[in-house]
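Hi,

Here is the structure I said I'd pass along. Have a look at it first, and then read my notes underneath.

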Amino acid sequence: MASYERIYLSTPHMSGLEQKYIEEAFQTNWIAPLGPNVDSFEQELASYVGVKGAVAVSSGTAAIHLALRLLDVGKGDIVLCSTLTFIASANPILYMGAEPVFIDSEPNSWNMSPLALERAFKKLDIEGKLDKVKAIIVVHLYGQSADMDAIVKICERYKVPIIEDAAESLGATYISERQTQVATKQSGTIGKFGVYSFNGNKIITTSGGGMLVSDDLEALGKARYLATQAREQALHYQHSEVGYNYRMSNILAGIGRGQLQVLDERVEAKRRIFARYYDELANIEGINFMPEAEFGRCNRWLTALTINPSYIEATVPMICSALDKLNIEARPVWKPLHLQPLFKGCMYFPHASGSVSDELFFNGICLPSGSNLTTTQQEYVIKAFKNIICQPT
Ligand SMILES: *Cc1c(COP(=O)(O)O)cnc(C)c1O
């Protein structure tokens, strides 16, 4: 018995509040990039996450690109980057003509391993390449913060600024205990720059969009200028350097304002979905969920788990394809970037003797986790999943 309506990993979930802001934009004819919704969305998001400022742009990828540009990353420079992530984290490194060096995950959070990071710095130091390292991109995977205290400590020692790719982790928190001061911070607000995405599959969406956040207002001013074709203050159009057309439209920012108001609800819904999967599946031998590290609270953007082949015969591709036949979308965990043909030959630093991210990719699967997934739909997914993994093949 297949579900009639396809069940997706994560779909847009409108609240109804968006319409008012879109309506306003139409009534005032602000149908353009920039406008009052853009300004308000920036202020509202900055105040939600607790940073001094934000710049709304056309995508999360654009925000990462701008951050690299602001950090003066250029041809031949090196940028360290989490390996277990979506390609968008690292593509902008190539836009700048720089070289990515990939860092493995730690088992505790599935995010950047401080051990591997330390080893990467030491190796680059020995090779005399430290001065080429201009930035590090730390990804907060599936809505969980990386261990920022440990990462910040290493990066401060090597004086390398951090860009946080928090595309998947808006609404998650990190408990920082640096200098014995305990502070709960929003994911994406600890590094020099933080990046959020409002793509259609993210926890809140504008159909497409992104945000660059920072406490450095001067840098954000520069980002705004670069994102507007690097147009200088002049009556005529004047340009001295290369820029981009990266600003968010006033209509989409209106959607974002409505979505931001329900972000907390979306986090709770995603966490409830995770809890239901956990209750039903965690006691099966060979199944392990992405752990929630003690240093933060996940938004559980996607529920991810691993299948131990010593206990369960069905492989991740087999499970995904069997679920697909039942009209359920499931996906393997991100293929690590050091395994992608695009990045063949790039340096890679594993967590320990074995690579954690390789293991997570081969055995990891993401289950439907949309905040609008109904209990009935989720029960259907759980039943189908149990049937597939319990059936001897
Ligand atoms: C979605 C995503 C991005 C990019 O966001 P876009 O808005 O689609 O450009 C970057 N990094 C990660 C980890 C993502 O999941």
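Below is what I found, going from the whole chain down to one lysine and the ligand.

Before anything else: this is a predicted model, so please read everything here in that light.

Starting with the overall layout, the chain splits into domain 1, covering 18–260, and domain 2, covering 263–390. Their centres, taken over C-alpha atoms, are 25 Å apart. Where the two domains touch, domain 1 puts in 51 residues and domain 2 puts in 43 residues.

Now for the residue you'll probably want to click on, Lys202. UniProt, in an unreviewed entry, lists Lys202 under "active site". The UniProt annotation "modified residue: N6-(pyridoxal phosphate)lysine", also from an unreviewed entry, covers Lys202 as well. Both labels come from the record, and annotations of this kind may be inferred rather than shown by experiment.

Where does Lys202 sit in the fold? You'll find Lys202 in the loop that runs between β8 (193–197) and β9 (210–214). Is Lys202 buried or exposed? Lys202 counts as buried because its relative accessible area is 9%, and the cut-off for buried is under 20%. If you skip the neighbours within four places in sequence, the contacts of Lys202 are Ala167, Glu168, Ser197 and Trp301.

On to the ligand. There are 15 residues around the ligand, and those that come nearest are Thr61, Asp165, Glu168, Ser197 and Lys202. So Glu168 and Ser197 turn up twice: in contact with Lys202, and among the residues nearest to the ligand.

Here are the polar distances to ligand oxygen atoms that I'd look at:

- Thr61: a side-chain N or O atom is 2.5 Å from an oxygen atom of the ligand.
- Ser197: a polar side-chain atom is 2.7 Å from a ligand oxygen atom.
- Lys202: a side-chain N or O atom is 3.3 Å from an oxygen atom of the ligand.

As for how covered the ligand is, on its own it has 390 Å² of accessible area, and the protein covers 93% of that.

Cheers

Key
Residues are numbered from 1 along each chain as its sequence is written. This is a predicted model: local features need pLDDT of at least 70, side-chain atom pairs count only at pLDDT 80 or more; totals for chains, interfaces and linings use all residues. Side-chain values use heavy atoms; hydrogens and water are left out. Helices (H or I, at least four residues) and strands (E, at least two) are DSSP runs, numbered from the N terminus. Buried means under 20% relative accessible area, exposed over 50%, partly exposed in between (1.4 Å probe, protein chains only). Contact means heavy atoms within 4.5 Å. A residue is near a molecule or strand if one of its heavy atoms lies within 4 Å of it. A polar contact is a pair of N or O atoms within 3.5 Å; within protein, one must be able to donate a hydrogen and the other to accept it, and residues adjacent in sequence count only if both atoms are side-chain atoms. Accessible areas come from the Shrake-Rupley method with a 1.4 Å probe; for residues, only the protein chains shown count as cover. Domain bounds come from an automatic or database domain assignment.
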